[in-house]
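Visitor: Hello! Could you teach me to read a protein model, feature by feature?
Guide: Gladly. Here it is.

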Amino acid sequence: MSDAATSRPAGEVVLAARNIAKSYNGVKALKGVNFDIHRGQVTTLFGENGAGKSTLMKILSGVAQPTSGEIVLDGQPIVFSSSTDARNHGISIIHQELSLAPNLSVRDNIFMGREITGPTGVDYAEEERQVRRLLAELEEDIDPLTPVEELRLGQQQIVEIARALSVDSRILIMDEPTSALSATEVEVLFSVIRDLTAKGVSIVYISHHLEEALQITDHAVVLRDGNMTAYAPRADIDLEWIVRNMVGENYDLGSPPTGHDFGPIMLSVRDLTVPDPAGGGYNVVDRMSLDVRAGEIVCIYGLMGAGRTELLETVAGKLSATSGEIALEGKEISHLAIGERIARGLALVPEDRQRYGLVQTMSVGQNLSLASIREFTRGVFTSLRLERALIQKSIRNVTVKTDGPDVAIGSLSGGNQQKVVIGKMLATDPKVILLDEPSRGIDIGAKAEVFRILAHHAAAGQAVVFTTSEVNECLSIAHRIIIMRRGRISAEFTSDITKEKIMAASGEAVAA
Amino acid sequence: MTQSSANGISSPAAAARGTTSPIKLLLKGRAFFALIAIIIVFSFLSPNYLTVSNVLIMSSHVAIYGILAIGMLVVILSGGIDLSVGSILALCGVIAGALMQGVELKPLGVILFPPVWAVVVLTCALGALLGALNGILIALFRVPAFVTTLGVMYMARGIALLMTNGLTYNNLAGRPDLGNTGFDWLGFNRLFGVPISVLVLAALAVLTGLMLSRSSFGRWLYASGGNENAADLSGVPVKRVKITVYTLSGILSAIAGLVLSSQLTSAGPTAGTTYELTAIAAVVIGGAALTGGRGTVRGTMLGAFVIGFLSDGLVIIGVSSYWQTVFTGAVIVLAVLMNTIQYGARGIRQ
């Protein structure tokens, strides 16, 4: 797939960053960044959370203006006054956090703010025709009249992409476009990107998924702490080079912790069946059984919609099963409320930390202590002293980088927010800890730390179950890998399996 | 690891940690400064405004709104709203009035005159029941809070009107020979020179403040209002929290109803009309977020005093009551504007 870069000649420079610097309240977010965006090529921005990628993107798309330096469009220096201004110059952005109106249909979202009007108001028929054409190009079978809230996250991402394509952009900025997509959907997106570049559209691509980005990119820009540490064409780089420039050293996600024996079965799931919570009329988890032992790390791999999230949510008590048994340490827990399951030693770290993990109105400390309030309640009142001790212990345990427990949770980076959610559940001293996509949207350094924490807790005798969409993460620390497909276990491997076999078992086309 | 604090993208952090510039301090303590400003301005305009007796009289007026506002605060903290407090106040007042007039048990041919303590307990129980009805509909049947409490607002008002046929129960003093005197104690008596109603407000405010800041229920409440999903997955009994806050609001409305009918020595079915809006205004002026999860009793009390001292001040200097309405409205809009500035874009997005 890397032939894309070598086979195409470098097109002319359409957009260039010249010494771009940006400060917020005196803090330098970007310190003199220089690179070119070539016509019909993909330029990828690599960097950890907080390295300055978002700031750079905001400047390129007109959302923010640089403190110093300039943007050169077609050889002419230009200042974008707003994102609309940038869009009028042919620069569109697809945000990581979807900006769709969930109540409106796909069609209405794509034409939001620039409806096609005829003599009788909005020309819905024409809009629908264009949307059908766009979605056909994207090989996505979505009815233009479906409300966006009824679509899966991956499909919503496709809609977002279709919207950007519908304005005939010359330069398309994509911020983590694949974070919610399954492997097959990613393939579709990549073929769309190839089509677009063939037509002369330039893509600025941002992704935490380094291998994936390497498949598609022509140029790499690496940022670290606001500095551009490297800029090179695809032919000159590889994965290690990127990681080295991103973090300054080689990072390893770790290997399965050894040197301890597995204990008794802590979690036992028998013939669990869960109907689609969205009311789809089918079972998202279909007569599934699973045993996890103390000290064991089990990775559940599967595509989106395979039922991973629903399985974990049912075990944790958020969804209810139509049949089957869930036992913790041999005792049935299906009738218990979430709080009671937590008290018995079962904890879930949800996938979407903004929606299900954090209370944004609370401080870092209050978030960390939220699941263990009973631990520091004496009689009617909470003990500030005990709470403080618990919070300090959690901050140390999961190594949260914070200016203290009282700062707003929103002030932490994504990786640290994720560690707070994990720390909150670990503070309940669980015997079984379930984590749904614990590495989603966090940088490689934070990922490695999260897995180190999990390995440490497994070695201490806790049973760990986590899901992931990245094969490498399964291969790194799990003792056992379970592949889920359509609500069932389609295969089970030990950690010495190859990537290709895992992907084949999950129903993915084997990537080159 | 990344150094999020160093890159400055997360500017709310810097703001929260931040250097306390005078403007930020002014913004943070806005309800307090507004109250001080009101007191200073009216003291200049009228020599009678800042006297001990007038402040106590104004405070006893504030007590009604204040008690309702405490209930409203806990509901708003949970992310809900309670429009039924004014009507529950009226219905509870009317029931208390009816009980004071005697309950006739026809088949037995007797009229029962319950003692005042029993009247108070029964009235509070009724408030709790109506509040719990709100809570159950909202938490278990997922009817939106706005609609549920709107419905209960109409029903409670209607029942109050039906019971009295639109008339008012006068003379709630009771008779010594029946042993049910003392109802006016709440509204008229003073302890150490302070009206009982103000002491009731103070006691309720302190209790609620302790509950919010120091009890596990308080923490549950802030978490459920801040992010219900996250609270639920952290084991917070979100439904129980919701039912409890509406029940509390109902009880506080009943208490306010008792205080009001005691102050007026009469109980009418149209009492407390639009008081729910005053209570919401007090909570909002006090800096609470209508989206839930943010707010304090201290702020809400300041908000109630701002509204009460402003409208009484306008009466004292002889401004038309129509202007009072305009002023109150302006203060509310200003307060919400300040909330928006303080909580920034994040508050709006929710």
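**Reading the model step by step**

Guide: Among the elements of chain A, helix α1 (residues 3–7) of chain A has the lowest mean pLDDT, 41, and strand β21 (residues 432–435) of chain A has the highest, 95. Here pLDDT is the predictor's confidence in each residue, from 0 to 100, while helices (H or I, at least four residues) and strands (E, at least two) are DSSP runs, numbered from the N terminus. Over residues 1–8 of chain A the pLDDT is below 50, and this stretch has 12 contacts beyond near neighbours in sequence; a contact means C-beta atoms, placed from the backbone, within 7 Å. This is a predicted model: local features need pLDDT of at least 70, side-chain atom pairs count only at pLDDT 80 or more, and totals for chains, interfaces and linings use all residues. Residues are numbered from 1 along each chain as its sequence is written, chains are lettered from A and ligands numbered from 1 in the order in which they are written.

Visitor: How should I read a low pLDDT, and what is the mean pLDDT of chain A?

Guide: Where pLDDT is low, the predicted coordinates should not be read in detail. For chain A the mean is 84, and 93% of its residues reach 70 or more.

Visitor: Which strands pair with β23(A)?

Guide: Two strands pair if DSSP finds at least two bridges between them. Strand β15 (residues 297–302) of chain A pairs with β23(A) in the parallel sense over 5 bridges, and Gly302(A) has Met484(A) as its bridge partner. With strand β24 (residues 488–494) of chain A, β23(A) pairs in the antiparallel sense over 6 bridges. These two form a hairpin with 2 residues between them.

Visitor: Is strand β23 (residues 480–485) of chain A largely enclosed or open, and why?

Guide: A residue is buried if 20 or more other C-beta atoms lie within 10 Å of its own, exposed if 12 or fewer, and partly exposed in between. In β23(A), 5 of the 6 residues are buried, so the strand is largely enclosed by the rest of the structure.

Visitor: What is the phi of Arg287(A)?

Guide: Most residues other than glycine have a negative phi. Arg287(A) has a positive one, near 45°, and sits in strand β14 (residues 283–293) of chain A. Arg287(A) counts as partly exposed because it has 13 C-beta neighbours inside 10 Å.

Definitions and conventions. Two residues are in contact if their C-beta atoms, placed from the backbone, lie within 7 Å.
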